[in-house]
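Visitor: I should like to learn how to read the features of a protein model. May we go through one together?

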Amino acid sequence: MKKHILTLLIGLFYLHIHANDSLTQDFVTGNPNIGSINAMTFGPEGILFLGDSKNAEIIAIDLSTAKKAVNNKLYLKDVESLLSQLLGADSDQVQIVDMVVNPINQNIYIGAQHSSGTSFLFLVNDNTLENVPLNSVSFSKTGISNTVKVEAKDRRGRPLRKLAITDIQYANGEVMVSGLNNAEFASTFRVISFPFSSTQKDSSLEIYHAAHGKYETHAPIKTFMTTTINKEPHIIASYTCTPLVVFPMKSLTAGSHTKGRTVAELGNWNTPLDIIEMTKDGKRYILMANSNRALMKFKVTDIASFSTSLTTRVKERAGTEGVNFINLPFVNVLQLDKLSDKEFVFIQRESNGKLTLKTGSNRWL
């Protein structure tokens, strides 16, 4: 009997190791030659996914063996100054592009880009920043096809290539990517199986933009998240200027053209920056950071019960309509992510002009 139990335990251990190895079995060690960091998210087992618009690639980096950071009483009072010191650059030469939390160990990573075009990754550790070298890592990557051309510009002459990848998320063995392609309906949503293969499902997107009073296919999703609405998997997405839209995942099939359901207009002259889901007392809430508006709170039940779609223009300039939301007393929040079941971490431009990294709790929910 003991022998059978031992055999079973060995078998389970082998299956566990094999399952872990299966996600990284095709990884190689070396320099992934990252052209830019435009979006980041974590998948399972400490795998960090980077969206590289310049090279039109998604890079998966194995951070499962990274040290556990020490962040008691997490608070960085001047993030830009820390970045400047580490890079030997003026603060106006460095831009923070994203911040993500590894859900396994709560390590916080910040992606930044120098004005020269070089991208960097930093770990928040002991209330300071540490550079995470990217020239020798365990990684895998895949290209995305039909991205917006390098030379493409918008009507104001601004380059569009950086919008090839605007946000990425991981769920259920797939990496989801929003951005622009080079087709007539430029707004696109890609679903890429992981471990990476040559199979990618691309969908073109259309939404009604209530601030503009028209249907649009060219503006990309700026930030999105996956969640369950009425027991079905959905994405909740937001666009510049600022419609909030839901898409059933089952509608985002290869080659499809999908119309999202606009459930709210949150006001123009604003760009959504990050969106996360938090819970309190068994109730689910959405928090969304914005460039020109306060941190917004939505009840998932309100989104689920809003069964129609906005199809008429809002009456007032900068007006809002649709699903109810509350402006929380957090303004100038530039980066946001879930830290734990009870806390979120954010980077905020304070009244003194400094960028501060700190936490908030679900008491605000």
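Guide: We shall discuss a sheet, a helix that lies across it, a pocket and a cavity, bearing in mind that this is a predicted model.

Visitor: Let us begin with the sheet. How do strands come to form one, and in what order do the four strands of the open sheet stand here?

Guide: In general, the strands of a sheet pair through backbone hydrogen bonds, and the pairing is either parallel or antiparallel. In this model, four strands form an open sheet in the order 5-6-7-8, with antiparallel pairing.

Visitor: Which strands are the edge strands?

Guide: An edge strand pairs on one side only; here these are strand 5, residues 94-101, and strand 8, residues 128-131. From one strand to the next, the twist averages 30°.

Visitor: How many bridges join strand 5 and strand 6?

Guide: Strand 5 pairs with strand 6, residues 108-114, over seven bridges in the antiparallel sense. For a single position to find on the display, take V101, which stands opposite I108 in strand 6.

Visitor: Which strands does helix 2 lie across?

Guide: Helix 2, residues 79-87, lies across strand 5, strand 6, strand 7 (119-125) and strand 8. Its direction is at about 35° to strand 8.

Visitor: Let us turn to open spaces. How much space lies in the second largest pocket?

Guide: The second largest pocket holds about 710 Å³ of space. Its lining consists of 30 residues, and those nearest its centre are T41, F42, Q169, D337 and K338.

Visitor: Which elements give two or more residues to that lining?

Guide: They are strand 2 (39-42), strand 5, strand 10 (167-171), strand 15 (223-229), strand 20 (272-280) and strand 25 (333-338). Strand 5 thus belongs both to the sheet described above and to this list. Strand 20 gives the most, with five residues.

Visitor: What is the chemical character of the lining of the second largest pocket, in nonpolar, polar and charged residues?

Guide: The lining of the second largest pocket has 15 nonpolar residues, eight polar and seven charged.

Visitor: Finally, how many cavities of 30 Å³ or more does a search of the whole structure find?

Guide: The search finds one cavity of 30 Å³ or more, and the largest cavity has a volume of about 30 Å³. Its lining is formed by E232, P233, H234, P248, M249 and K250. Strand 16, residues 232-238, provides the largest share of that lining, three residues. By character, the lining of the largest cavity comprises three nonpolar residues, one polar and two charged.

Note on methods: Residues numbered from 1 in each chain as written. Predicted model: local features only at pLDDT ≥ 70, side-chain atom pairs only at ≥ 80, totals over all residues. Heavy atoms only, no water. Pairing = 2+ DSSP bridges. Axes fitted to C-alpha atoms, helices over the stretch in contact; angles between N-to-C directions. Contact = heavy atoms within 4.5 Å. 1 Å grid on protein atoms, 1.4 Å probe; cavity = no way out; pocket = protein on both sides within 12 Å on 5 of 7 lines; lining within 4 Å. Points joined across faces, edges and corners; volume = space filled by probe spheres on them. Nonpolar A, V, L, I, M, F, W, Y, C, P; charged D, E, K, R; others polar.
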